[in-house]
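I opened this notebook to keep track of what I looked up, one topic to an entry. The entries begin with a pocket and go on to the surface, the backbone and the charged pairs.

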Amino acid sequence: MKAAVFHGAKDIRVEQIAEPGDLGPGDVRLKPHYCGICGTDLHEYAMGPIVIPSKPHALNGSVLPQVLGHEFSAEILEVGSQVKDLAVGDRVSVMPLLFCGNCYYCRRGLNHLCQSMACVGLSFQWGGIAEQAVVPATHVNKLHDNMSMRAGALVEPTAVAAYGVDRAGVRPGDTVLITGAGPIGALASIYAEHLGAQVFVSEINPHRQKMIESLGIATLLDPSKTDVVEEIKAATGGIGVEQVIECSGNERALQTALSAVRKHGTISQTGLHTKPAAIDPMILSEHDISLIGTWCYPVTDWPRIIDLIGRVGLPVEKVVTKDIDIEDIVNDGFETLLSPTGDQVKVLIKS
């Protein structure tokens, strides 16, 4: 079968590999339909392997080369002998985090912090950018009938964004600044507005700015043309926002967050920093600010996110700027998304 396989930094190959073999009793065989390229995938391509294991993974023994893809929707082709609540033809979204169930964190319901966590498409035999994948049946959830397969591929990044917003404690009537309008920042703005917050988005890239403006749900601030902190203070009576969702993984944005949040406010660090960032910790103390990190999402959140998209109508598909074929994954996907002048925000690979 055809698959996108990571071999090392700047080395992703679309190649023929063997199809998955016989199913285990609790597994399902999937035909992926859409799969997103995630920021984690971009980090792996640019400077990896980072989380992709170069020696056998402790949980499942997976090792390079790796079939990519962890943000995907699929159709069920076959179910294992012990799978009772899923059937051939079901349309599903995959929750990709794999966990041991026995470590300190798993026993406390914090499975996303499992001490030997793995991930479909990053540290597992199969991934979503392929013609087939096999995953545990416990890790797939059926889509709403009125929900598209494209939207199904956005459940995973929406879960990331929602967790960042939820960890900050956003409530109806709050004012929220989101720094960075990549896919997670854009989805965080959609989710925060859905919760009833007044949303501000800081973004310097003109293509991302255009996408945020098209959503019509947030006040856009361009840090290259205005002082974001001054604008926030002017809009909030000199106080600042209740919460900042930092989605850029950028040092300057984190510093902006510290200055734009009000006293006793909360900053949720959702974007991943690839290098250390300098901040003044005294600001945290003087202003009684909570700085919270987030990692992935609760593994139980899929039904809720699917319900928000399929039943409530959270317009997550609006963040998608291009669908591409697997053959174009490097040039039109990874290279375009990594380019400072790239014109895409969220790219999906269609099967």
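Before the first entry I set down how residues are sorted here: Ala, Val, Leu, Ile, Met, Phe, Trp, Tyr, Cys and Pro count as nonpolar, Asp, Glu, Lys and Arg as charged, and the others, Gly among them, as polar. I also note that I am working from a predicted model.

**Entry on the pocket**

I asked which kinds of residue make up the lining of the second largest pocket. They divide into five nonpolar, two polar and six charged residues. The lining has 13 residues, and K2, E131, I326, K350 and S351 are the ones that lie nearest the centre of the pocket. I then looked for the elements that give two or more residues to this lining, and found them to be β3 (27-36) and β18 (347-350). The space in this second largest pocket comes to about 150 Å³.

**Entry on the surface**

I next looked for nonpolar side chains grouped on the outside, and noted a surface patch formed by L110, L113, L272 and W295, which together have about 320 Å² of accessible area. I followed L113 further and placed it in the loop between β7 (97-98) and β8 (118-119). L113 has a relative accessibility of 33% and counts as partly exposed, because that term covers values between 20% and 50%.

I279 was looked up separately, and I found it in the loop between β15 (261-269) and α8 (281-286). I279 is also partly exposed, with a relative accessible area of 29%. When I checked I279 against R252, the two were 27 residues apart in sequence, while their C-alpha atoms were 9.2 Å apart in space.

**Entry on the backbone**

Where are the cis peptide bonds that I noted? One joins G48 and P49, with omega at about 5°, and another joins L64 and P65, with omega at about -5°. I placed P49 in the loop between α1 (39-47) and β4 (66-67), and P65 likewise lies in the loop between α1 and β4.

I then turned to residues that have a positive phi although they are not glycine. D288 is one of them, with phi at about 55°, and its place is the loop between α8 and β16 (290-293). C296 is another, with phi at about 60°, and I found C296 in the loop between β16 and α9 (302-312).

Are these two residues buried or exposed, or in between? D288 has a relative accessible area of 48% and is partly exposed. C296, at 19%, is buried, because the cut-off for buried is under 20%.

**Entry on the salt bridges**

I asked how many salt bridges the model holds, and the count comes to 11. I wrote up several of the pairs in turn.

In the pair of R29 and E78, the closest N and O atoms are 2.8 Å apart. This pair links distant parts of the chain, since R29 belongs to strand β3 and E78 to strand β5 (residues 71-79), 49 residues apart. I also compared how far each partner is covered: R29 counts as buried at 11% relative accessibility, whereas E78 counts as partly exposed at 33%.

E317 forms a salt bridge with R150, and here the closest N and O atoms are 2.7 Å apart. E317 lies in the loop between α9 and β17 (322-325) and R150 in helix α2 (residues 149-152), so this salt bridge ties together parts that are 167 residues apart in sequence. E317 counts as partly exposed, at 29% relative accessibility.

For the salt bridge between D307 and R311, I noted 3.0 Å between the closest N and O atoms. Why are D307 and R311 separated by about one helical turn? The reason is that they are four residues apart in helix α9. D307 counts as partly exposed at 24% relative accessibility, while R311, at 57%, counts as exposed.

My last note concerns salt bridges that share partners: these join R150, E317 and D323 into one network.

Technical notes: Residues numbered from 1 in each chain as written. Predicted model: local features only at pLDDT ≥ 70, side-chain atom pairs only at ≥ 80, totals over all residues. Heavy atoms only, no water. 1 Å grid on protein atoms, 1.4 Å probe; cavity = no way out; pocket = protein on both sides within 12 Å on 5 of 7 lines; lining within 4 Å. Points joined across faces, edges and corners; volume = space filled by probe spheres on them. Patch = residues over 30% accessible without salt bridge, like charges linked within 9 Å, V, L, I, M, F, W, Y side chains within 5 Å. Areas by Shrake-Rupley, 256 points an atom, 1.4 Å probe, with all protein chains shown as cover. Salt bridge = Lys/Arg side-chain N within 4 Å of Asp/Glu carboxyl O. Buried < 20%, exposed > 50% of the residue type's maximum accessible area, 1.4 Å probe, protein only.
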